[in-house]
Structure formats: structure tokens, C-alpha cells
Amino acid sequence: MATLIRRYKIPIVLLMLVLGIAYLSYYNYKIQKNLLLTQMHNNSLNIVSSVTAAINRFDAIKSTMNLQKLVKDVSFGLEIFEFRFLEPDGTIRNSMFQDEIGKVYTNKSYVRTMQGEQKIKQFFFEVRDYVDVMAIYYPIYKDNELIGLIDLAVDISEYKVLDNSNENFSVLRRQSDIINLLKSIEGSIKNSLDVSAKTDINEFLYNYIQSTKNILEISLLDSQNKVHVSSNKNIIGTVLSNKELPPPGFLTLSDERPLYRTLVTTDISKNGHENLKLLLITDATAYSNHEFQLIRTASVTTFIALLFALFTTRSIYFSAIEQSRKEKERLEMLVKERTRAIEILSKTDALTGLWNRRYLEEMLEMEFKRARRHNFDISIMIIDLDHFKNVNDTYGHMAGDEVLREISSRITSCLRETDFIGRYGGEELVVILPMTTLHVAIKVANIILETISSKPVVFESQSIETTASIGMSCLRKDHTDHLKVFAEADEALYVAKENGRNRIEVYDHTKKESEIE
Amino acid sequence: MNNSKNSNTSFFKIFLIFISFMPLTLVAGDNPRVNAEMESELHNIPLKDALGEEAYNDAIGSGKYRYVGNSKCRLCHRKFFLGRKKDPHDYAMKSLEKKGYENNPKCLICHATGFGTPTGFISLEKTPRLSNVQCEGCHGPGNIHIKMAKRERDSFHSGGFLAGTDRPEVLKKMCISCHNERWDRSYHNLDKAYNKYKKADPNSKRRYR
């Protein structure tokens, strides 16, 4: 198990990372979703409270629906001092002064007017709030029934200052303007009363829904879940089953449209039923869209993390393989180089750098066979330094080695590329000249001798005069063995030594044969 | 026809005032302070005194501020309207009229609302609604205050004035500007008087809430 873990360490870590990211995105999704739900629920509760207030104030709204606007419209370049709409019993339905709406009007002139002591629909002058005003109580009739009074007062203090008289021309001229204004107000009030009489609460709720975007239905239910008031006229009077009444704040899908239902107990009383429940159905499309987006974001994040992990694993794997391949190549190269070095070491002489005796013999055998087969010439020369023992004795072995090295390099410089030169042993050097006739070989040998003796070898400021003897032989048809050719050259060398050194001797096979005979 | 009527009315008015305030004028006699005021240079506009010349020019020059008259204030501050109707400030013009100074700029600068500013009091004939020292006489033009009150409705508390109650140091300077060394007989302690005028009816013992 432990080895398994060690082996797949990186994939395991990456998998953990992916799992971590996946969990985090899921967690994020959940939190956001809850947040959205809470938000939607709070929104619904806000709507419920405003709807509740609207329903509670419905009757009040009905009565003052258009009057509020009228007060604002009242201008005509007149300085309106007071404006009220009074009910016949004196209740102030609407006024410039917000705080007195709903109270009973107790002005003395009003009381007098209602008692018949003062003429209605006629201008009169009085002082209100220490200001001289011209006022009028303008009755509004509907079907010959008094439904209300307009109390309108105009500030005339400025005229009074200028004229000190109520019967001022400009004041009187204003009266016709005011009457015109009052007539138009009367029309508006009648109109608005007509409109509000026709409007019932269901219609009001329906209009309320129409004016908003995402509210689908508002209904008022009693304790038996019977619908009393609803924006949807089809369900008024029906009893909703428990299926249609999920617990508060429940999200359902119906008719391809996600709905959010809120069921709240309110303080609304209607038709004798107290504390009706308010059922609010809102469109939750925005919420579900958001939720879908959240899910998508979470899954995309996870998927990207997974891809990233896979890609990382793959690249790590491939880079590891590449690295091991390179290491292998490097090792192979190293082995090859070493092998070649060892090979060369086994074939060459350590002191002079020439081929050693073993390789030389191999090559001689091979060249012999090749010459035999193709009918080539081949010449061999054996070079032996004269009195090399004396050099060693006189100048020491180090000097001897230096002489050998120097002479070897001098000989090598005289040879062609195809010639082989090897150290056969001690001070004896062997040169194989393939595809070379004896005639040519003698020329080469002469050059070699000249080069050796041309200048002395210098070792530690001592010059050592060196000469060499060369014995030569070449391949002939009667030779059956390469060793025989070699032996012949050796013999020629011996002859050269006998004959006084620093010279070239060629094996004389005729003489030899005659000697044998 | 209008001209003759106006001259008639003004004559009649002066005559009436003269008659009605006869006892007072007899008591007052030739007031040395009035004479001193007449001989001195034209008083600064109180708002300019309180705000400083630069701030005043910025505010009034911007054209945003406009005097509206106290009947607009009455719509919300009805108690103050009623209370101030009993206050001497509301009779400032009358006290000028009784001596025939109602067209003298040296007097009007303190006895009318916003005299000397582009939208303030000009004359009794042209701007009767800005006569006397009204709410705006001390607080400065009120149109911005009304605008803010309309927009913010119930949440509105204060603001919009050049010398509102949120800037008592400016408001006190407004008092001092007119009630200077020559005309400070009305009070001896500014802070006490200032606190007194926080009430709707400063002359009553009862405190309005």
C-alpha cells in the first residue's frame, strides 16, 4: 500500500486537488443558493407587508385617490390659503394639511353654514390664522344628494393692506376665477368618486399585479383555506387543497414556470373574518436562472480543474520518460567511447604510439591473404636501431625511450597513409607496405634511413647520433605463409647488421635457394 | 384710473395709520436712534453679514435660492405660523408704516423679508407677501427646504436653508446683524433670546412641542 502511494504520489495529490476544488465550488454554490432563497423570501415578505398595508388602507385610498392630485393642481395664479374636501358631517377627507385629514372640521363659519345661518356657495370674508381670507363652501351634489363640501380660502391680506376694504375690485374679479376652479374641481371629484365606487378590492389587487413584474397572484384565505379576495377571479370562493398550499417559502415548478409561494398570517380583517392569511405567488424564473448559472459555474470549475490535473499528470509523465531516454543515450555513448579507447589501447604500443606486435601480426596475416587473393604486391621492412643498447647504457633508459619515440615519429612522417608501422619488440620496428613493389619499397626505405640519420635526437641538451639498419623482403608466388616473408626480412636485417649497419639489405631469395641447394 | 386710485389709497392708508398710532408716535417722539440710522451708511444685507460676502455671493448668485413667503411654511409649520403672528417680527412693517418709512431702504433691509436680494421684498405694492420679518427673514430663502421636504417626505428632518437651525452660529449672526448696538433694546442676552425663539410662540410661557 505504502509503495503504491509513493508510486502514484503525483496523481493522488492532483486528484485530491480536483476533489477539493469540486467540493469548494459545490459549497459556494450552496451558499449562493441559500443567499438567493433568503433574498427572494425577504422580497416576498416586503411585498406582503406593502400589499397588507395597501389592502388595509384600500377604502381610504379609494376616497382620496384623485383628490391628492387635485390639491397639487390647484393654482390658477391664486394664492390658495386653505383647501379642504369635507364630508357633510364635517369629517375632513382631504386637506392641504396632512395632519388634519380624518378629523372633524370645527370652524365657526362652517358650523354656521351647516346650520343654515350662512349661505352656502357664497363668498365670505373672515380671518383664519390671523390672516384675512376670502372663503367659500362649495357643495357637491350627486343625484340631488349632498356628498361633500369644498372649503376654499384665498389670502387677501395684501389687498386689504392696499385698500383696507373687502369689496376690492381685484378681489371681486378673483371670485369668478375661483368659481371656475371650483367647478372643475367638482367635476374631478365626481369623476373620481364614480371611478372609486366601481373599483373593488379584487380589481385593485389585479391592477396591483399588473403594475408589477413578478407577482403572479395575491389571495386572502381564511382558516379553512377558503379564498375570500384574490387577484385571480376564478379562484374566489373556492377552498384550496393542501396540495396548492405548500409550507411557507416553498419553491415549486408548474406550467414550465418556477413559482415561489409565501403564506403569511396578516392582521387583515375582511367580511367578518379576522386574521386572514395572505398567499403570495411570485415568479421565481430569475431565481432558477441564477441557480442554473451557479450550477454551471461550479461544474465548469470542477471540469477545468480535472482537465488541468490530467494535463499536468500527462506532461509530468512524458517529461519523465524523455529524461530517462536521454540518460540512457548518454550512458550508451559513454560505454561506446570507453570501449573504443580500450580497443585502441589493446592494439597500440604505449611508448611510441605505434601498433603493437599482436596487431601487427594480425594485419600482416590479413594483408598477406588479401595480396594472395587479389594478386597484389606486398613489401615488408624491419628497421632496427644501431647500437641501441649503447644508447641505453650511455644516456640511460629515459634517453633510450626518447630516441625510440623520436625515431618512430620520424619514420611515420615518411610513410604513406596505407602503410602499417608497428613496434615488434625492443628497438625493432616493422613496416608493412601493402600494394607496393620492392622497388618502391627500397625508395621508401632510403628516405627513412636518410631521415633517421639527418639530425641527432636531442634529449636534455644532449644530442644522440642515431642510425638504423633495414632488412626488406617482398611477397612472392612461392610464399605459402606470411611468417616466411617476415623471416626473410629478418634475415635480410641480419645481413645488413653483418654488413656494417646504417644500410638497407634486401632478402636475396636466389642466393638463399642456392644455399639450401 | 388705477394711478389715481393708488394715490388715494396710499393717502388714505397713511392717514389711517397716523390716526391709529397717534398715541404711540406722541410717546416715541423724535427717536435719536432713527435719526442716527438715517445719517449712517446703508446697512449690510443681514444674510451677507451672517454668511460672509463670498458665501453669500455664491449662494444668491447661483440663482437656486428663492423667497417663497410664509404661507408656504404654514403648510407644515402651522403652529409656528400662528405663534409668530403674535410676535413683534410680524409687525415690523407696521412699525415702519406708522412713521412713513415703508419705502426707505435703510429701514426695509431689516423690516422686510429678503430686502436687497433679487427675489426678496421690493415694495409693499409689488411684494406684499414678503413684508415683515417672516420665517425666511432669518433663515434665508426657503424654496430648497420645501423641495427637499417634498422629495424626502416623512424622513425629512431639516436642511435646505442658508441659515437653518443646523447652523446656529450663522443663525445667531443673522440676529446680531439687525439687532446691532443701535437696535439691541429688544434683548440683553442673545443666547436666552435665541432659545426663546425656538418655540412656536416665543412670547408665550407654554412650550410647544
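This is a tour of a predicted model with chains A and B, taken one selection at a time.

**Stop 1: chain A as a whole**

Select chain A and colour it by secondary structure. Chain A holds 15 helices and 17 strands. Of its 517 residues, 24% are buried. Among the contacts in chain A with a separation of 6 or more, 60% are between residues 24 or more positions apart.

**Stop 2: a mixed sheet in chain A**

Select residues 378-385 of chain A, which are strand β11, and residues 468-474, which are strand β16. Add β12 (420-425), β13 (428-434) and β17 (504-506). Together these 5 strands form an open sheet in the order β12-β13-β11-β16-β17, with mixed pairing. As a general point, strands of a sheet pair through backbone hydrogen bonds, either parallel or antiparallel. The edges are β12 and β17 of chain A, each of which pairs on one side only. From one strand to the next, the twist averages 20°.

Now go through the pairs:

- β11(A) and β16(A) are antiparallel and share 7 bridges; look for S379(A) opposite C474(A).
- β16(A) and β17(A) run parallel and are joined by 3 bridges; I470(A) has I504(A) as its bridge partner. To get from β16(A) to β17(A), the chain passes through helix α14 (residues 482-498), and this β-α-β crossover is left-handed.
- β12(A) and β13(A) run antiparallel, with 5 bridges between them; F420(A) stands opposite I432(A).

**Stop 3: strand β16**

Keep residues 468-474 of chain A selected and show their side chains. How many residues of strand β16 are buried? The count is 7 of 7. On one side of β16(A) are A468(A), I470(A), M472(A) and C474(A), and on the other are S469(A), G471(A) and S473(A); both faces are covered.

**Stop 4: the helices across this sheet**

Add residues 357-374 of chain A, which form helix α10. Helix α10 lies across β11, β12 and β13 of chain A, at about 130° to β12(A). Then show α14(A) again: this helix lies across β11, β16 and β17 of chain A, at about 145° to β16(A).

**Stop 5: the largest nonpolar core**

In soluble globular proteins, nonpolar side chains tend to be buried together. In this model, the largest nonpolar core has 45 residues. Select M381(A), I383(A), A445(A), I470(A), M472(A) and A489(A), which have the most contacts inside this core. Which helix gives the core its largest share? Helix α13 of chain A (residues 438-454) does, with 7 residues.

Centre the view on A445(A). Leaving aside residues up to four places away in sequence, A445(A) touches M381(A), I470(A), M472(A) and I504(A).

A second, separate core has 28 residues. To find this second core, select I45(B), F115(B), V170(B) and C175(B), which are among its members.

**Stop 6: another sheet in chain A**

Return to chain A and select β1 to β5. These 5 strands make an open sheet in the order β2-β1-β5-β4-β3, and the pairing is antiparallel. Strands β2 (92-95) and β3 (124-128) each have a single partner strand, so one side of each is left without a neighbour in the sheet. On average, neighbouring strands here are turned by 30° against each other, direction ignored.

Next select residues 131-142 and 145-155 of chain A, which are β4 and β5. Strands β4 and β5 run antiparallel and are joined by 10 bridges. One facing pair to label is A135(A) and A153(A).

**Stop 7: chain B**

Switch to chain B. Which kinds of secondary structure element does chain B have? There are 13 helices and 0 strands, so the pattern along the sequence is one of α elements throughout. Buried residues account for 26% of the 209 residues of chain B. Of the contacts in chain B between residues at least 6 apart in sequence, 54% join residues at least 24 apart.

**Stop 8: where the chains touch**

Show both chains together. The contact involves 12 residues from chain A and 13 residues from chain B. On chain B, select α1 (2-20), α6 (70-74) and α7 (78-84): each supplies at least two residues to the side that touches chain A. What is the make-up of that side of chain B? Its residues divide into 6 nonpolar, 2 polar and 5 charged.

Notes. Residues numbered from 1 in each chain as written. Chains lettered and ligands numbered in written order. Predicted model: local features only at pLDDT ≥ 70, side-chain atom pairs only at ≥ 80, totals over all residues. Helix = DSSP H or I, 4+ residues; strand = E, 2+ residues; numbered from the N terminus. Buried ≥ 20, exposed ≤ 12 C-beta atoms within 10 Å, placed from the backbone. Contact = placed C-beta atoms within 7 Å. Nonpolar A, V, L, I, M, F, W, Y, C, P; charged D, E, K, R; others polar. Core = buried A, V, L, I, M, F, W, Y, C linked by C-beta atoms within 7 Å. Pairing = 2+ DSSP bridges. Right-handed = clockwise from strand over helix to strand, strands pointing away. Axes fitted to C-alpha atoms, helices over the stretch in contact; angles between N-to-C directions.
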